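Visitor: I am new to this structure. Please take me closely through the place where the two chains meet, and then into the chain behind it.

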Amino acid sequence: MIQQQSIVPATGSSVVVSSIEEIPATDDDDDLFVEDETTLERIIALKEMFPETIRNTLGTINSTLLNTSKLAYDKGRSAAWWITSSMCVLVFPILIQKELLQIAEQISHEQRSILLGPQAATSALSGSAF
Amino acid sequence: MANVSGNAPSNETNKSSKIDEQQSAQPAFPNTRWMNVTTDLSRNPGIFEDVFKKIKDLLPPSFEGAKLSVTKMLSSHFQVSHSMTLSSGSNSGYKFGANYLGTQLYSQSEVFPVILGDVDPNGNANAQIIHQWSDKLRTRILAQVQSFKMAGYQLSMDYRTQFTTTTVTLANVDLFSSSGIAVLQHLTRVTKNLDIGAELLYQSNPMIPGGHIGITSFVSRYRGLDWFTALKLSPAGVFNVGYFHQKSNSPLQLGVEFEASLAAKETSATFSYQYDLTKANTTFRGMLDTNGLVSAVIEKRLAPLPFTFMLSSSLNHAKSAYRFGIGLLIG
C-alpha cells in the first residue's frame with residue numbers, strides 16, 4: 001500500500017489506495033485503469049459468493065469424481081484386456097474344437113446317407129484327424 | 001515345508017498313463033505273472049502325498065518353446081525315449097529316458113519293479129526304482145543329479161493295510177555332516193467318507209538354529225458322491241484347502257485350491273479344470289490363479305498315427321509376460 005504526498009509535482013495527483021492491489025510508486029498512469037483485474041480473475045472471484053464449507057465440499061467432490069473416473073477407465077481397460085485374453089486361451093479352443101467335431105460328424109453323416117442310404121447314416125460315426 | 005517326494009522325473013506321469021493306455025489295448029502285460037494278493041486293498045485311502053493329487057493333476061503342464069519326443073518300446077518290458085526341447089529357458093536340450101517294467105503283476109494296471117531314468121548332456125540325471133515286496137509293502141528309491149553333482153536322494157517305504165497307509169521316508173541322509181530329512185506319514189480311513197492323516201517331518205542340519213527342527217501337519221479328506229474336499233493344516237502356519245468336483249460321466253473335472261501361509265503372510269487361490277472331448281481325442285486343461293497367472297494346455301491325439309500334439313500357453317497378467325509352447329510326442 002503506497003500513499004502519495006502532495007509534495008509530488010503537479011503532473012501527477014496524489015492517489016490514496018485503499019484496496020489490496022499494489023501500485024508501483026512512480027507509475028501514475030494507473031489511475032486511468034480502474035479495472036486492475038482481468039475478466040477471468042473476476043469470474044473466478046465469484047466463488048467468494050459461497051461460504052467456505054460449501055466451496056471446500058464441492059472442490060472435494062469434483063476432484064474425487066475426476067480421480068474416480070480416471071481410475072475406472074484405467075481399471076476397466078485392464079480388466080477388459082485380462083478377461084479377453086484369458087477367455088481366448090481357456091474357452092475359445094474348446095468352442096472351436098466342438099464346432100469342428102460337429103461339422104465332421106455332419107459331413108460323415110451326409111456321406112453315409114448318400115453312400116449307404118439313410119439307415120446306415122444313424123450308425124456309429126468315424127472321427128477324423130482335426 | 002520341504003517337499004520331500006517331489007522332483008519325480010517329469011516323464012513319469014506320461015509313462016504311467018501310457019501304461020494305462022497299453023492296459024486297455026491288451027488284457028494284461030505280456031510276460032508277467034500274477035502275484036498273490038491276500039489283503040483287500042479296495043478301501044485303502046492311498047498315501048498321504050496323494051490326498052491333493054487329483055486336484056494337482058488338473059493343473060496344465062505348461063511349457064515354453066518347442067518340444068519333440070519320440071518313445072519306442074524295445075520289448076514288452078523296456079521303453080526308451082528321446083526328447084528335444086528348444087526353449088530359451090534353462091532346460092533346453094536333449095534328454096534321453098529309459099523305462100523298465102518288471103514281471104510281477106499285482107493288479108490290472110500295476111506291474112513291479114519299475115525302473116525309470118533320464119539323463120541329459122548338461123549333467124542332469126534322475127533315476128527311480130519302485131518295487132513292491134508284497135501286496136502290503138512298497139519301496140521307492142529316488143536319486144537326482146544336477147550339473148554333475150548329486151542333488152538329492154531319497155528312500156521311502158509304504159506299508160498298506162486294509163484301512164491305513166503308513167509311509168517312512170529318508171532323504172539326503174549324510175551321516176558325516178549329520179544332516180538329513182526323515183518323514184513319517186500315516187493316513188487312515190475313519191469312516192466310509194472321511195480319511196484323516198498326520199505327518200511328522202524331522203530335519204537335522206548344522207545350519208538350522210538349534211541343529212534340528214520338527215514340523216507336523218494334519219490332513220483330512222471328506223468324500224461325497226461326485227466330489228471331495230481336502231484340508232491340510234500345519235501348526236507351523238501353512239494351510240491348504242482343496243475341492244474337487246466331477247459329476248459322474250461328465251467330461252468336465254473342476255478343482256479349486258486355496259493356500260495360506262502365515263509365515264510368508266501370503267495367500268493364493270487356484271482354479272483349474274480339465275475337459276475331455278473323447279470323440280475328438282482332445283484334452284483341455286486350464287488354470288486361473290489369484291497371482292494373475294492363466295495357463296492352458298491342449299493335448300490332441302492324431303488318431304490313426306501314435307502322435308500327440310500339444311499346445312501350451314501361459315499368460316502372466318501381473319508381469320505382462322506371455323509364453324507359448326508347441327510339442328509333438330511320437331509313440
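Guide: We start at the interface of chain B and chain A, then move on to pairs and clusters elsewhere. Keep in mind that this is a predicted model.

Begin with the extent of the interface. On one side, 22 residues of chain B take part; they are in contact with 13 residues of chain A. Together the two chains bury about 1600 Å² between them. Carbon and sulfur atoms give 76% of that area. Three residues stand out on the side of chain B: Lys279(B), Lys300(B) and His317(B). They supply 28% of the area that chain B buries against chain A, more than any other three residues.

Now look at the charges. The rule finds one salt bridge across the interface of chain B and chain A. Lys279(B) forms a salt bridge with Glu105(A). Their closest N and O atoms are 3.8 Å apart. Polar contacts cross here too: six residue pairs, with both residues at pLDDT 80 or more.

Which elements give two or more residues to the side of chain B that touches chain A? They are β16 (266-277), β17 (282-289), β18 (293-302) and β19 (307-316) of chain B. The largest share comes from β18(B), with six residues. By type, the residues on this side of chain B divide into 14 nonpolar, six polar and two charged.

Next, the aromatic rings. Over all chains, the count comes to six aromatic pairs. Take Trp81(A) and Tyr322(B). Their ring centres are 6.4 Å apart and their planes stand at 80°, so the pair is edge-to-face. This pair crosses between chains. Trp81(A) sits in helix α2 (residues 52-90) of chain A, and Tyr322(B) in strand β20 (residues 321-330) of chain B. Trp81(A) is partly exposed, with a relative accessible area of 49%. Tyr322(B) also counts as partly exposed, at 32% relative accessibility.

Tyr106(B) and Phe112(B) make another edge-to-face pair. Here the distance is 5.9 Å centre to centre, with 65° between the planes. Tyr106(B) is buried, at a relative accessible area of 8%. Phe112(B) is buried as well, at 4%. Elsewhere in chain B, Tyr222(B), Trp227(B) and Tyr243(B) form one aromatic cluster.

Stay in chain B and find Phe48(B). This residue lies in the loop between β1 (33-34) and α2 (53-56) of chain B. Is Phe48(B) buried or exposed? At 5% relative accessibility, Phe48(B) counts as buried. Its contacts, leaving aside neighbours within four places in sequence, include Gln185(B), His186(B) and Leu187(B). Gly197(B), Ala198(B) and Glu199(B) are also among them. So are Ser217(B), Val219(B) and Lys232(B). Consider Glu199(B) again: 151 residues separate it from Phe48(B) along the chain, and their C-alpha atoms are separated by 8.1 Å.

Back to salt bridges. Over all chains the count comes to 13. In chain A, the side chains of Arg55(A) and Glu52(A) meet in one, at 4.0 Å from N to O. Arg55(A) and Glu52(A) are three residues apart in helix α2 of chain A, and therefore separated by about one helical turn. Arg55(A) counts as partly exposed, at 29% relative accessibility.

In chain B, Lys56(B) and Glu257(B) meet in a salt bridge at 3.1 Å, N to O. This pair links distant parts of the chain, 201 residues apart. Lys56(B) is in helix α2 of chain B, while Glu257(B) is in strand β15 (residues 252-261) of chain B. Lys56(B) counts as partly exposed, at 44% relative accessibility. Glu257(B) counts as buried, at 10%.

Arg285(B) and Glu299(B) form a salt bridge too, at 3.1 Å from N to O. Arg285(B) lies in strand β17 of chain B and Glu299(B) in strand β18 of chain B, so the pair ties together parts 14 residues apart in sequence. These strands were named above: β17 and β18 are among the elements that give two or more residues to the side touching chain A. Arg285(B) counts as buried, at 17% relative accessibility. Glu299(B) is partly exposed, at 22%.

One last stop: Arg189(B), Asp195(B), Arg221(B) and Arg223(B) are linked in a network of salt bridges.

Definitions and conventions:
Residues are numbered from 1 along each chain as its sequence is written. Chains are lettered from A and ligands numbered from 1 in the order in which they are written. This is a predicted model: local features need pLDDT of at least 70, side-chain atom pairs count only at pLDDT 80 or more; totals for chains, interfaces and linings use all residues. Side-chain values use heavy atoms; hydrogens and water are left out. Contact means heavy atoms within 4.5 Å. Buried area is the accessible area (1.4 Å probe) that two parts lose on being put together, summed over both. A polar contact is a pair of N or O atoms within 3.5 Å; within protein, one must be able to donate a hydrogen and the other to accept it, and residues adjacent in sequence count only if both atoms are side-chain atoms. Helices (H or I, at least four residues) and strands (E, at least two) are DSSP runs, numbered from the N terminus. Ala, Val, Leu, Ile, Met, Phe, Trp, Tyr, Cys and Pro count as nonpolar, Asp, Glu, Lys and Arg as charged, and the others, Gly among them, as polar. Buried means under 20% relative accessible area, exposed over 50%, partly exposed in between (1.4 Å probe, protein chains only). Rings of Phe, Tyr and Trp (its six-membered ring) pair if their centres lie within 6.5 Å; planes under 30 degrees apart count as stacked, over 60 as edge-to-face and the rest as tilted.
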